[in-house]
Amino acid sequence: MALTLLGQHNPLASPTEQLKLLGKTASYPPFEKQLDHIGLFPLRATGITVFQINVGKLCNQTCRHCHVDAGPDRTERMSQGTAEQCVQVLAKTDIPTVDITGGAPELNPNFRWLVEQSRALGRHVMDRCNLSVLLLPSQADLAEFLAGHRVEIVASLPYYRASQTDAQRGDGVFEKSVEALQRLNRLGYGRLDSGLTLNLVCNPVGAFLPPKQEAIESQFRKELRVRHGIEFNRLYTITNMPISRFLDFLLESGNYDQYMERLANAFNPAAAAGVMCRYTISVGWDGTLYDCDFNQMLDLPVSQRAPAHIRDFDTAQLNQRQITTRNHCYGCTAGAGSSCGGSVTS
Ligand code: SF4
């Protein structure tokens with residue numbers, strides 16, 4: 001199995017190194033300048049409707065494009081105490097959606113407790129699932145647990161063919177993903193009127209922008225149905241963010257400058273106005289607060305004028321906070337923007 005950047009002692013495991021590279025913008029304007037140009041700088045939150053919890057970096061896969069640099073060797077994980085602080089905050093607010101991510105979030109011992117507590121508070125819960133985790137012997141009852149709590153599943157599947165999916169996510173991952181999707185379908189997931197939502201997320205396998213969502217969704221639907229009898233609700237496309245392991249891939253393959261230019265040239269003011277950080281708060285495994293999961297991986301916490309940790313959560317202040325932006329944000333504003341399902345990979 002491939003190693004994480006951290007496991008390889010790759011300098012890009014350091015957010016500081018990544019930000020240094022991303023800060024050089026010879027052939028396109030800094031992201032903030034583009035925002036200013038359309039009257040959106042400084043970017044501000046518009047409220048919080050999604051409470052995203054990243055429970056840590058442990059994963060059973062080591063995908064090539066992972067923005068978390070997650071893998072089996074990562075030890076960062078949310079403690080029970082921090083999970084309890086998350087639930088206390090939820091109980092004090094009316095944030096409607098809880099979006100649980102990782103790594104493979106299901107491997108955190110507090111995952112199921114977080115789901116149960118969030119559901120008991122009446123919140124919609126999303127699980128960002130890599131699918132293969134459902135086949136681990138330790139997770140034999142996971143699919144039933146998710147269905148029992150009516151958790152929306154947002155599952156990563158880069159493509160409907162094995163070669164492209166395995167190239168990005170590891171040998172044999174496509175086959176496991178198909179088996180997991182079939183298992184979810186048998187429980188009612190992805191079936192009309194079951195109330196069990198199964199959304200797929202695909203991202204380009206190389207250094208290019210995602211195709212139009214509607215076209216690729218109908219291709220996925222047809223291919224997965226005909227070849228594997230699989231049904232799903234929606235397919236969302238996401239742009240690969242030029243950070244972490246995808247940044248390493250861009251540099252290794254000599255595509256970095258060209259890819260950044262492509263993102264910057266595709267800047268879309270409407271997508272910028274709707275970026276998810278404006279309605280999301282992202283909680284890190286240690287309780288630190290971020291504007292989004294990407295900023296979390298770059299060690300860019302919420303603005304200094306907002307509370308920095310879950311224990312100091314203050315809805316009024318966070319609702320209007322200034323968002324911390326850098327040049328990786330071009331990944332969210334290119335073309336139609338990057339929609340990741342429900343409200344939105346691991
Ligand atoms: S990377 Fe994060 S902060 Fe930047 S635009 Fe996207 S969601 Fe917002």
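Let's start at a loop: D193 sits in the stretch between helix α7 (173–186) and strand β5. Keep in mind that you're looking at a predicted model. What sign does the phi of D193 have? It's positive, at about 70°, although D193 is not a glycine.

Another loop worth a visit runs between α2 and β1, and that's where you'll find P42. The peptide bond joining F41 and P42 is cis, with an omega of about -5°.

Now follow the chain into the sheet. It's an open one with eight strands and mixed pairing, and if you walk across it you pass β6, β5, β4, β3, β2, β1, β7 and β8 in that order. Which strands stand at the edges? They are β6 (235–237) and β8 (289–290); each has a single partner strand, so one side of each is left without a neighbour in the sheet. Helix α8 (residues 213–228) packs on this sheet, where it touches β5 (198–202) and β6. The direction of α8 makes about 135° with that of β6.

Further along the sheet, zoom in on β1 (residues 50–54) and β7 (residues 280–283). These two strands run parallel and are joined by four bridges. If you want a spot to aim for, look at Q52, which stands opposite S282 in β7.

Next, a pair of helices. The axes of α3 (residues 80–92) and α4 (residues 111–120) come within 10 Å of each other and cross at roughly 10°. Angles under 35 degrees count as roughly parallel, so that makes α3 roughly parallel to α4. Who meets whom here? From α3 come A83, E84, C86, V87 and L90, and from α4 come W113, L114, Q117 and S118. Sorted by class, this contact has six nonpolar residues, two polar ones and one charged one.

Finally, let's look at some empty space inside the model. The second largest cavity holds about 130 Å³. How many residues line the second largest cavity? There are 18, and those lying nearest its centre are V275, C277, C292, C329 and C332. Three elements give two or more residues to the lining of this cavity: α2 (31–37), α12 (293–297) and α14 (330–333). As for the character of the lining of the second largest cavity, 13 residues are nonpolar, five are polar and none is charged.

Note on methods: Residues are numbered from 1 along each chain as its sequence is written. This is a predicted model: local features need pLDDT of at least 70, side-chain atom pairs count only at pLDDT 80 or more; totals for chains, interfaces and linings use all residues. Side-chain values use heavy atoms; hydrogens and water are left out. On a 1 Å grid over the protein atoms alone, a cavity is a set of points where a 1.4 Å probe fits but cannot get out, and a pocket is an open set with protein on both sides within 12 Å along at least five of seven lines; lining residues have an atom within 4 Å of a point. Grid points are joined across faces, edges and corners, and a volume is the space filled by probe spheres set on the points. Ala, Val, Leu, Ile, Met, Phe, Trp, Tyr, Cys and Pro count as nonpolar, Asp, Glu, Lys and Arg as charged, and the others, Gly among them, as polar. Axes are lines fitted to C-alpha atoms, for helices over the stretch in contact, and angles run from 0 to 180 degrees between N-to-C directions. Angles under 35 degrees count as roughly parallel, over 145 as roughly antiparallel, 65 to 115 as roughly perpendicular and the rest as oblique. Contact means heavy atoms within 4.5 Å. Two strands pair if DSSP finds at least two bridges between them.
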